[in-house]
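Grab a coffee and let's work through a few exercises on contacts and charges. Try each task yourself before you read the solution.

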Amino acid sequence: MDNLIFHIDVNSAFLSWEAVYRLHIRGEKTDLRDIPSAVGGDIKKRHGIILARSTPAKKYGVRTGDTINDALKLCPNLVLVDPHYDLYESCSEAFMEILREFSPCVEPYSVDEAFCDMTGTVGLYGSAVVAATFMKDKIYNELGFTVNVGISTNKILAKMASDLKKPNLVHTLFPDEIEKMWRLPVGDLFFVGPATRRKLHALGIHTIGELANTDLDILRSHFKKHGEVIYSFANGIDVSVVEEEAPPNKGYGNSTTIPFDVDDGSTAKMVLLSLAEKVCTRLRTDAAMATVVAVSIVDTYFRHASHQMQLFSPSNITNEIYRAASRLFDELWDGSPIRQLGVHTSKIIRGDSSKQINIFDMNRYEKLSKLDVAVDTIRERYGEDSVKRAIFLDGPIYHMSGGISPEKRKAKYREGIGNL
Amino acid sequence: MLHMPVDVIATFNVQGKIKPNFIRLEDEYHVLQTYKIENIIFSREEKYAGIPVILFCCSIMRDGCMQVIQIKYHVRTHQWVLVSD
């Protein structure tokens with residue numbers, strides 16, 4: 001029996017979810033999906049990009065990832081709404097829950113898309129298209145937003161199928177229909193980003209079909225291993241299976257764009273401390289320790305730089321990671337004004353591994369780890385802001401930077417029902 | 001008009017069934033008035049945007065006139081909301 005894989009993708013997820021929320025929970029009368037609208041960050045905090053846009057906004061040429069200023073130039077009457085991450089989590093959860101009613105094997109691929117292994121469900125729901133249509137309509141009726149479903153025998157083709165035409169449609173892309181995909185520009189292929197696309201164009205490869213019929217050795221010599229990946233994807237070959245459980249994190253990192261340019265080392269180090277706090281809290285929650293610490297800097301001219309080092313022994317202690325990050329920062333920073341900072345950790349060790357104690361540590365390790373456990377427990381019970389380092393009091397920097405900041409979780413409405 | 005939070009008196013029976021009994025609304029002069037919920041026409045569970053609510057379509061007697069209103073109970077936040085039409 002052939003495998004049957006569905007890829008389910010929410011149409012302009014963040015925007016649809018906000019639209020449904022406004023219609024059904026707040027009782028607003030206009031549907032954001034019917035007018036040119038977009039979810040965007042905060043320009044003042046320099047988080048000013050479009051995160052999702054409605055179909056009418058798409059007609060004006062507004063794209064996800066555009067800056068808000070560019071988007072407003074393209075479409076002056078664009079309605080901008082704030083991000084609302086708590087809502088996205090709730091919508092995503094309800095979405096995955098419905099998928100799990102259909103199949104025990106669901107792989108959440110991101111917040112708004114999932115793979116679903118529907119092999120052997122013909123007896124339950126009928127043919128694949130019938131099942132997919134039922135699934136799509138059930139999600140719309142119960143949760144109020146539309147999805148695209150792609151059907152095929154493996155994950156790559158299912159994913160490409162759900163991308164074919166939007167919104168609210170079911171597409172099949174079985175291996176014998178691969179011509180449907182071969183007509184598309186090569187940049188539409190999964191795993192072909194702007195850089196790979198440019199290189200492929202330079203080789204005279206413009207469509208996915210041309211890529212599929214290119215000699216593999218040519219691709220290997222230009223793209224190394226990645227060439228084999230895109231070659232097999234272009235030919236609809238993908239051996240990966242739908243995995244219910246997410247593989248454990250290979251690294252933990254957070255970065256933040258600072259609302260102002262940082263040109264002094266001490267402020268930058270405060271940001272690094274707040275990032276280290278966040279990263280280490282996540283490491284400790286997963287009972288993981290990191291061996292490698294990396295720091296990345298983006299300056300005001302959008303130049304990227306990063307630097308990494310190996311720790312003496314794996315750690316998840318905020319102070320230790322912070323100390324390493326500071327050292328890396330001192331070695332890396334050339335003094336130009338900083339826009340974005342990041343702290344990333346890798347070479348993760350899980351579970352109770354014995355810690356190599358440093359003789360010059362003066363027993364600080366034990367004290368610090370106890371302190372971290374105490375702080376984590378307090379934060380878990382009373383909220384993230386219940387305890388923070390004094391250095392962050394009344395300062396311009398939030399004490400746990402990176403990830404989704406609290407103001408992006410809740411939307412601010414002037415009247416009516418606002419929170420979930 | 002948006003959906004507005006309202007005060008409600010409700011009973012919860014041993015089966016977990018919820019029945020709104022009284023609702024307090026503002027009249028034209030911004031005075032709070034309590035109305036008895038005479039009859040629940042239907043109720044239904046909704047989960048739009050992943051937010052569980054129970055919708056009650058019920059009738060109240062207002063100025064000698066029977067009026068149909070819809071109220072929603074937010075299961076997570078325990079708020080009652082008057083649905084605007």
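Here are three exercises, each with a worked solution.

This is a predicted model, where local features need pLDDT of at least 70, side-chain atom pairs count only at pLDDT 80 or more, and totals for chains, interfaces and linings use all residues. Residues are numbered from 1 along each chain as its sequence is written, chains are lettered from A and ligands numbered from 1 in the order in which they are written, and side-chain values use heavy atoms, with hydrogens and water left out.

**Exercise 1.** Work out how many residues of chain A and chain B are in contact.

Solution. Take contact as heavy atoms within 4.5 Å. You'll get 23 residues from chain A against 18 from chain B.

**Exercise 2.** Find the salt bridge that crosses the interface of chain A and chain B.

Solution. Look for a side-chain nitrogen of Lys or Arg within 4 Å of a carboxyl oxygen of Asp or Glu. The rule turns up one across this interface. Its partners are B:K47 and A:E97, at 3.4 Å from N to O.

**Exercise 3.** Are A:K159 and A:E113 buried or exposed?

Solution. Start with the pair: A:K159 and A:E113 form a salt bridge, with 2.9 Å between the closest N and O atoms. Next, place them: A:K159 sits in helix 7 (155–162) and A:E113 in strand 6 (113–117), 46 residues apart; helices (H or I, at least four residues) and strands (E, at least two) are DSSP runs, numbered from the N terminus. Now apply the cut-offs: buried is under 20% relative accessible area, exposed over 50%, partly exposed in between (1.4 Å probe, protein chains only). A:K159 has 11%, so it's buried. A:E113 has 12%, so A:E113 is buried too.
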